[in-house]
Amino acid sequence: MMRQTVRKMISRWVLLLVAPLLAACASPSVPDQYYLLSPMVQPVSPAPGEATVIGVGPVTIPSYLDRSTIVTRSAANRPEVNSGYRWAEPLGENINRVLMDNLDRTGVAARLEVFPWNSRDMVEWQVVVDIDRFERQADGNVNLTARWKLVHFQSGEIVTAAKYDKVSTPVDQTLDNTVIAMSSLLADLTAEIAARIP
């Protein structure tokens, strides 16, 4: 009799301990939120006869940003991976596509090609972008640091090479507005590049 009573008590205690874990497992998990950079250059009508064929790429990003989860910084040497907040496509591909879309909106290109292309694509100018930093910093500002160059594709001559290093302050510290600030910096970089294309 005594043994059965002890077993019942143990069973009750085990049930009390396990029940919260089972409840936590059964509760629905919060779905991931997905983000995309977007073109923000205002479309203009191209000047007839002056546009050219522009190839965009390669565009490179640091390996710590090359992940599906959005990265910000909590200190100069401390990247923060924001669990549950993801890019809807690989960040490098997203940047490349937005750069092309922004360039298209500036009206400087008759046609745009994505890297790699072939000789039949008749690319005249190549835009190469190496991004060093592109995330929200510990001070709340978004920083884009990139080295870019404009290459005459047929001759291989580097016509222009420059470093872009600017910040944008998001409306608030949400990732929604962080991504908007990132998109505005990409638009500004695109405008700088477009202004140097002959």
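**Notes on strands and helices in a predicted model**

1. Start with one residue pair. A75 stands opposite R78 in β4. The structure is a predicted model, so read every point below as a description of that prediction.

2. Stay with this pair of strands. β3 covers residues 69-75, and a hairpin of two residues joins β3 to β4. Five bridges link β3 with β4, and the two run antiparallel.

3. β4 also pairs with β1. Which way do β1 and β4 run, parallel or antiparallel? They run parallel, joined by three bridges. β1 is short to find: look at residues 33-35, then at residues 78-87 for β4. Here Y35 stands opposite W87 in β4.

4. A reminder on pairing helps at this stage. Strands in a sheet pair through backbone hydrogen bonds, and the pairing can be parallel or antiparallel.

5. Now turn to the five-stranded sheet. Its order is β5-β2-β6-β7-β8. The sheet is open, and its pairing is mixed. β5 (109-114) and β8 (157-168) are the edge strands; each has a single partner, so one side of each lacks a neighbour in the sheet. From one strand to the next, the twist averages 25°.

6. Look at one edge of that sheet. Strand β2, residues 52-60, runs parallel to β5, and five bridges join them. One pair to locate is V56 with its bridge partner V114 in β5.

7. A helix covers part of this sheet. Which strands does α2 touch? Helix α2 (residues 91-106) packs on the sheet and touches β2, β5 and β6 (125-136). The direction of α2 makes about 155° with that of β2.

8. α2 also meets a second helix, α3, at residues 175-195. Their axes come within 9 Å and cross at roughly 55°. That angle makes α2 oblique to α3, because it falls in neither the range under 35 degrees, nor that over 145, nor 65 to 115. The crossing of α2 past α3 is right-handed.

9. Who makes the contact between the helices? From α2 come I95, V98, L99, N102, L103 and T106. From α3 come L186, A187, L189, T190 and A194. What classes do these residues belong to? Eight are nonpolar, three are polar and none is charged.

10. To recap, α2 has contacts on two fronts. α2 packs on the sheet, and α2 also makes contact with α3.

Key. Residues numbered from 1 in each chain as written. Predicted model: local features only at pLDDT ≥ 70, side-chain atom pairs only at ≥ 80, totals over all residues. Heavy atoms only, no water. Pairing = 2+ DSSP bridges. Helix = DSSP H or I, 4+ residues; strand = E, 2+ residues; numbered from the N terminus. Axes fitted to C-alpha atoms, helices over the stretch in contact; angles between N-to-C directions. Contact = heavy atoms within 4.5 Å. Left-handed = near helix turned anticlockwise from the far one by under 90°. Nonpolar A, V, L, I, M, F, W, Y, C, P; charged D, E, K, R; others polar.
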